[in-house]
Amino acid sequence: MELSRRALLTTAVGSAAAGGAIGTATAQADGSSTTVTVGPGGSLVFEPGTAESLQITPGTTVEFVWDSDNHNIVVESQPDSANWEGHEPIENAGFSYTHTFETLGAYEYFCQPHKTAGMGASIEVVESISTPAPSNVPTVPSSAKTLGVATALAMVATLGLGFFFLKYGGDYDIEE
């Protein structure tokens, strides 16, 4: 099999482009929907949303998915111009209900049969979600950085030698 410079460069550029496209598609994943699990594993909570408010931006569709039986969603409070009605009929595992939140503000809701057990939650619709800087970010050791640089240099040197031999290597006559 004969390998030309053009084939080598085409393969290298194609591989880099494919890798970049995959990274871009992952980075542009649509963040306009989220899921709230109703009664996960039979527990009397909404997840996320019971321990702290779920923050979303306007236009986000929330899918409420029932993971256990005998739950509903009763709206306790919401912004004045909002139109969320919740889902008051009692449903069982496997049921799902969606609502798109457009109006900024706090939405409080609960499960009527389990309100006394504390099954309530809130959703906060905000202009933008701020992510606090993590305080325990791991650092990369110097030895790992050195190894990364050395590996990159070795790869560049290998590609350079391959290119050089393809361009200037010449034909070798093999005697039989």
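**Entry 1: Pro48**

I began with Pro48, which sits in the loop between β2 (46-47) and β3 (54-56). I note here that the model is a predicted one. I looked at the peptide bond from Glu47 to Pro48 and found it cis, with omega near -5 degrees.

**Entry 2: Asn70**

Next I went to the loop between β4 and β5, where Asn70 is placed. I read phi of Asn70 as near 65 degrees, which is a positive value in a residue other than glycine. I also asked whether Asn70 is buried, exposed or partly exposed. Its relative accessibility is 43%, so Asn70 counts as partly exposed, because the partly exposed class lies between the limits of 20% and 50%.

**Entry 3: His71**

I moved on to His71, in strand β5 (residues 71-77). His71 has a relative accessible area of 1% and is therefore buried, the limit for buried being under 20%.

Which side chain does the side chain of His71 meet in a polar contact? I found Ser68, at 2.8 Å. The His71 side chain also reaches a backbone atom, the oxygen of Asp69, at 3.2 Å.

I then listed what His71 touches, leaving out residues up to four places away in sequence. Among them are Val38, Gly39, Leu44 and Trp66. The list also includes Pro89, Ile90, Glu91, Cys111, His114 and Met119.

**Entry 4: strand β4**

I looked at which side chains of β4 are covered. The covered face holds Thr60, Val62, Phe64 and Trp66, and the uncovered face holds Thr61, Glu63 and Val65. In a regular strand the side chains alternate between the two faces of the sheet.

How do β1 and β4 run, parallel or antiparallel? Strand β1 (residues 33-38) and β4 run parallel, and 6 bridges join them. I picked out one bridge: Thr35 has Glu63 of β4 as its partner.

I did the same for strand β7 (residues 96-101), which is antiparallel to β4 and joined to it by 6 bridges. Here I noted that Val62 has His99 in β7 as its bridge partner.

**Entry 5: aromatic rings**

How many aromatic pairs does the structure hold? I recorded 11. I opened the pair of Phe64 and Trp84: the ring centres are 5.9 Å apart and the planes are at 15 degrees, so this pair is stacked. Planes under 30 degrees apart count as stacked. The pair links distant parts of the chain, since Phe64 is in strand β4 (residues 60-66) and Trp84 is in the loop between β5 and β6 (87-91), 20 residues apart.

I checked the burial of both rings' residues. Phe64 is buried, with a relative accessible area of 0%. Trp84 counts as buried as well, at 2% relative accessibility.

I also followed the ring pairs outward. They link Phe46, Phe64, Trp84, Tyr97, Phe101, Tyr107 and Tyr109 into a cluster. One more ring I looked up was Phe110: Lys115 lies over its face, at 4.2 Å from the ring centre.

**Entry 6: residues 147-166**

Last, I turned to the record. UniProt, in an unreviewed entry, places the feature "transmembrane region" at residues 147-166. In the model I found this span to be 100% helix and 0% strand. The end C-alpha atoms of residues 147-166 lie 28 Å apart.

Note on methods: Residues numbered from 1 in each chain as written. Predicted model: local features only at pLDDT ≥ 70, side-chain atom pairs only at ≥ 80, totals over all residues. Heavy atoms only, no water. UniProt positions renumbered as here; feature names shortened; annotations may be inferred. Helix = DSSP H or I, 4+ residues; strand = E, 2+ residues; numbered from the N terminus. Buried < 20%, exposed > 50% of the residue type's maximum accessible area, 1.4 Å probe, protein only. Polar contact = N/O pair within 3.5 Å; in protein donor to acceptor, adjacent residues only side chain to side chain. Contact = heavy atoms within 4.5 Å. Phe/Tyr/Trp six-rings, centres within 6.5 Å; stacked < 30°, edge-to-face > 60°. Lys NZ or Arg CZ within 6 Å of the ring centre and 35° of its normal. Pairing = 2+ DSSP bridges.
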